Amino acid sequence: MLIKHAHIVSDTEYMADIQITDHIISAIGQSLAPRDHEQVIDATGAIVMPGLIDVHVHFREPGFTDKETIKTGAAAAAHGGFTTVVAMSNLKPVPDTVETLKPLLEKNQTDAKITVLQFAPITHDLHSDQVVDMAALQAAGALGFSNDGVGVQDADTMYQAMQQAAKLHAPIVAHIEDASLMHGGVINAGPVAKKLNLPGIINQTESSQLARDLELAAATGVHYHACHVSTRQSVDLIREAKKRGVNVTAEVSPHHLLLDENNIPGDNPMFKMNPPLRSRADHLALLEGLQDGTLDMIATDHAPHTAAEKTGSFKTAAFGIVGSETAFSTLYTKLVKSKMFTLKQLIARMSTIPAEKFDLPGGHITVSGPADLTIMDLDTPYTIDPADWFSKGKNSPFIGDKVNGQTLYTISQGQIAYARA
Ligand SMILES: NC(=O)N[C@@H](CC(=O)O)C(=O)O
Ligand SMILES: [Zn+2]
Ligand SMILES: [Zn+2]
């Protein structure tokens, strides 16, 4: 395959042609000539960036395939420009043994045109007592360990898990939530919760468990990754922990970067997710944390649910929104076009940095590197419409928004995973 007239935006920005042989970038140069029978893509007017990488998606298979399957989730990710994703393990059965993990890993390969990697759980059945056999699950192919969906409530369980993971050089990827502080909350504790008469979730539900975990991470040396950071207190704790050398990385979701509780238009569960949209002050702290590197990367927390689960009230609807097919366009439109971030900074946080921190392929456009590339049209505005999506989940607060950033091609391991018709 030959990509002509590529405006490459990676570590540096320049014009070149890119030649792909099998799954590798074989040449980057000026006026490369097509080989016999070579497929030629003319990228004139678009940008070519390293394929996006999302370390936090929910594909719901096995167990909840009315919400999403590996096939639909991976197609949605490819449509969003992602060439590698890492899937969470809040599934049924939870892949907490080699017997349940193996078939899932196989299906991640066969049903996806992009690279789908997998976290195994930290504990059996996501309960807070018994740590899984991490060595066996890692040997079977798990990238790391996460109980995403629920916090690990017992400190000693987390401590033991971190000790095991540290030995294996495997990351602990934490959904940080002290269940005893939830009190049935469904929205951020604050003026909007009061106005809508809904039970609130205080910031300390997240930050108090994060403080515990950072102490345990410091003691064990494990690579500790904080999922969907949502509060200013968490940003402060991570900034301080990094200063003293704790091996911590953190992600923030597009919705927490783009919205806060003031954007919630009444009791509409399209705006319900865990952790919730926080205050304006929290929102600004997350943007600042992403800017200064306290928050390393952006991850979507793509969380599809059925239409029935996302209608009605905040009180009864499921937590979570989809993100794969809107992340790049919404972030590009609101953060880059407004000049808050440069395009290079956004791409670093959506590709280069997650690749580096989780030791994943891609993140750069280089000769001999993997042919994981996304060709993106930044010029043509369009309106976000779930009818265009591959995901089964249509639960998004961004429906109807006018954005720029439309994927033309997603090329994963040298193969076209998505092409705009
Ligand atoms: N984020 C959510 O609101 N929901 C996620 C779980 C999670 O990411 O914690 C889900 O699995 O639906
Ligand atoms: Zn979570
Ligand atoms: Zn999640």
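Here a trainee and a mentor go through a predicted model and the terms used to describe it.

Trainee: What ground rules apply to the model and its numbering?
Mentor: The model is predicted: local features need pLDDT of at least 70, side-chain atom pairs count only at pLDDT 80 or more, and totals for chains, interfaces and linings use all residues. Residues are numbered from 1 along each chain as its sequence is written, while chains are lettered from A and ligands numbered from 1 in the order in which they are written.

Trainee: What makes a residue part of the surroundings of ligand 1?
Mentor: A residue is near a molecule if its C-beta atom, placed from the backbone, lies within 6 Å of it. The residues around ligand 1 include His58, Asn90, Asp148, His175, Asp301 and Phe319.

Trainee: How many residues of each class does that shell have?
Mentor: Three are nonpolar, six polar and two charged. Ala, Val, Leu, Ile, Met, Phe, Trp, Tyr, Cys and Pro count as nonpolar; Asp, Glu, Lys and Arg count as charged; the others, Gly among them, count as polar.

Trainee: Where does UniProt place "binding site"?
Mentor: An unreviewed entry gives the feature at His56, His58, Asp148 and Asp301. They spread over 246 residues of sequence, yet the largest C-alpha distance is 9.7 Å. His58 sits in the loop between strand 6 and helix 1 (70-79). The annotation also covers Asp148, His175 and His228. Those span 81 residues of sequence and cluster in space, with a largest C-alpha distance of 10.1 Å. Asp148 lies in the loop between strand 9 (144-146) and helix 4 (155-168). UniProt positions follow the numbering used here, feature names are shortened, and annotations may be inferred rather than shown by experiment.

Trainee: How do you know that strand 7 and strand 8 pair?
Mentor: Strands are DSSP runs of E, at least two residues; helices are runs of H or I, at least four; both are numbered from the N terminus. Two strands pair if DSSP finds at least two bridges between them. Strand 7 (residues 82-87) and strand 8 (residues 115-120) have four bridges, in the parallel sense. So they pair. Val85 has Val116 of strand 8 as its bridge partner.

Trainee: Why are strand 6 and strand 15 called edges?
Mentor: The open sheet has eight strands in the order 6-7-8-9-10-13-14-15, with parallel pairing. Strand 6 (52-57) and strand 15 (297-298) each have a single partner strand, so one side of each is left without a neighbour in the sheet.

Trainee: Which strands pair with strand 1, and in which sense?
Mentor: Strand 1 (residues 2-9) runs parallel to strand 4 (residues 40-42), joined by three bridges. Ile3 stands opposite Ile41 there. Strand 2 (residues 13-21) pairs with strand 1 in the antiparallel sense over six bridges. Those two form a hairpin with three residues between them. Strand 5 (residues 47-50) pairs with strand 1 in the parallel sense over two bridges.

Trainee: What makes the crossing of helix 10 and helix 11 right-handed?
Mentor: The near helix is turned clockwise from the far one by less than a right angle; anticlockwise would be left-handed. The axes of helix 10 (residues 327-336) and helix 11 (residues 343-357) come within 10 Å and cross at roughly 145°. Axes are lines fitted to C-alpha atoms, for helices over the stretch in contact, and angles run from 0 to 180 degrees between N-to-C directions.

Trainee: Which residues make the contact?
Mentor: Contact needs C-beta atoms, placed from the backbone, within 7 Å. Helix 10 gives Phe328, Leu331, Tyr332, Leu335 and Val336; helix 11 gives Leu343, Leu346 and Met350. By class, eight are nonpolar, with no polar and no charged residues.

Technical notes
Contact = placed C-beta atoms within 7 Å.
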